[in-house]
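Please open the model in a viewer and keep the selection panel at hand. The tour below proceeds stop by stop, stating what to select and what is found there.

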Amino acid sequence: MKIFFYTLRPWDERPFAERLAAETGIEFDGCEAYPSLENAHLAAGCDAVSMTPCDMGPAMVRRFHELGVKYLCCRSIGYDHVDRETARALGMRVSNVDYPPRGVANFAIMLMLMSLRRVGHILKRGEVQDYSLQGKIGRDLSGCTVGVIGTGHIGRTVLQHLSGFGCKLLAYDLYPSEEAAQYARYVDFDTLCAESDVITLHTNATAENHHLIDAAALARMKQGAVIVNTARGSLIDSKALIDALESGRIGAAALDVLENENGLYYYNRAGDPIANTELALLRSFPNVLLTCHTAFYTDEDVESMVRGVFESAAAFAKGEPTRHDVSLA
């Protein structure tokens, strides 16, 4: 059994992979580059390929199959970047990973606090030695109603941790959780939009919830509402959000993820002209925080993600079930 890791970071992931290889007896190799048709041959002879979010469309999936790869192991919770239909047709298995939810949950709460207290604006003004108070007044999270969209592991953890702040909590999910109901009142989507001072997203990206937060949803929100997204960029219509920020309907946004972030986040693009108008506009707003898809990034979470790849590949090879299996039936 051998795994080839693409986008393998030498400063954090490789040491964990080396330790896990010694523990499990599973061999691995890797490179720092994203997978492409030009470098797919590096995985020849390997049973599994692991990657972070990237283009894993039909051509890439077929190319790896031609090279003998049987398993596609995402090093992320999300797996919408993999063409699972093609993988299923070729008999390839697909997996994702999980990690302790508190890292992303606490990051989301940090973004709520920073947005409500205008920390981004305060820091920028401090850089030019503007220490005046005018325009810096904020709001206290404890006096807000927070709406949590998606009450899986991370969403439930957000609710649990927010319960200590004393704020009113609302939740929306197609599959309500008894655990989440201990902390929040479940409401429909429109009610959550209308009653929440802060809305935070914690749901997977699907075809059904693409642009869940669109112009209509934004129009239903409270004047000055704050939106936090540490889930998936495609949940928000970027153009509609920009319009709502410009009109003042939305008071602030904190976005760890963004539409069309592939080819941007996790790359050093310093000095490059970037063809992403939405990114440029959002960066220009003093009431927007962009944190470049780092909500997950703790030592604990990185180790868990690498471990999940080894566990999935081993389970697939043995024909055993694994909670990480996201293959289409």
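Which residues in α4 meet which residues in α6? The model under inspection is a predicted one. Select R102, V104, A105, N106, I109 and M112 on the α4 side, then add I154, T157, V158, H161 and L162 on the α6 side. Together these residues form the contact, and they divide into 7 nonpolar, 3 polar and 1 charged.

Now display the axes of the two helices. Helix α4 spans residues 102–116, and its axis comes within 8 Å of that of α6, with a crossing of roughly 55°. With angles under 35 degrees counted as roughly parallel and 65 to 115 as roughly perpendicular, α4 and α6 are therefore oblique to each other. Their crossing is right-handed.

**The largest pocket**

Keep helix α6 (residues 153–162) selected: this helix supplies the largest share of the lining of the largest pocket, namely 3 residues. The pocket holds about 1200 Å³ of space. Its lining numbers 44 residues, and those closest to the pocket centre are I77, G152, H202, T203 and N204; centring the view on these five brings the middle of the pocket into focus. Colouring the lining by class gives 19 nonpolar, 16 polar and 9 charged residues.

**The second largest pocket**

Next, select D80, R232, G233, S234 and N262. Of the 20 residues that line the second largest pocket, these are the closest to its centre. The volume here is about 450 Å³. By class, the lining comprises 7 nonpolar, 9 polar and 4 charged residues.

**The cavity**

Retain G233 from the previous selection, as this residue also lines the largest cavity. How many cavities of 30 Å³ or more does the count give? The count comes to 1. The largest cavity contains about 50 Å³ of space. To outline it, select N229, G233, I236, S238, L241, L255, V257, L258, E259 and L282. This lining is made up of 6 nonpolar, 3 polar and 1 charged residues.

**Helices α10 and α11**

Among the residues lining the cavity are S238, L241 and L282, which lead to the next stop. Select helix α10 (residues 238–247) and helix α11 (residues 277–284), whose axes come within 10 Å and cross at roughly 25°. The two helices are therefore roughly parallel to each other, and their crossing is left-handed. On α10, the contact is made by S238, K239, L241, I242 and L245, and on α11 by E278, L281 and L282. The contact residues divide into 5 nonpolar, 1 polar and 2 charged.

**Helices α1 and α12**

For the last stop, select helix α1 (residues 13–24) together with helix α12 (residues 299–318). How do these helices pack? Their axes lie 9 Å apart, at an angle of about 45°. Helices α1 and α12 are therefore oblique to each other, with a right-handed crossing. Show side chains for E13, F16, A17, R19, L20, A21, E23 and T24 in α1, which meet D299, V302, E303, V306, R307 and F310 in α12. The residues of this contact comprise 7 nonpolar, 1 polar and 6 charged.

Key:
Residues numbered from 1 in each chain as written. Predicted model: local features only at pLDDT ≥ 70, side-chain atom pairs only at ≥ 80, totals over all residues. Heavy atoms only, no water. 1 Å grid on protein atoms, 1.4 Å probe; cavity = no way out; pocket = protein on both sides within 12 Å on 5 of 7 lines; lining within 4 Å. Points joined across faces, edges and corners; volume = space filled by probe spheres on them. Helix = DSSP H or I, 4+ residues; strand = E, 2+ residues; numbered from the N terminus. Nonpolar A, V, L, I, M, F, W, Y, C, P; charged D, E, K, R; others polar. Axes fitted to C-alpha atoms, helices over the stretch in contact; angles between N-to-C directions. Parallel < 35°, antiparallel > 145°, perpendicular 65-115°, else oblique. Left-handed = near helix turned anticlockwise from the far one by under 90°. Contact = heavy atoms within 4.5 Å.
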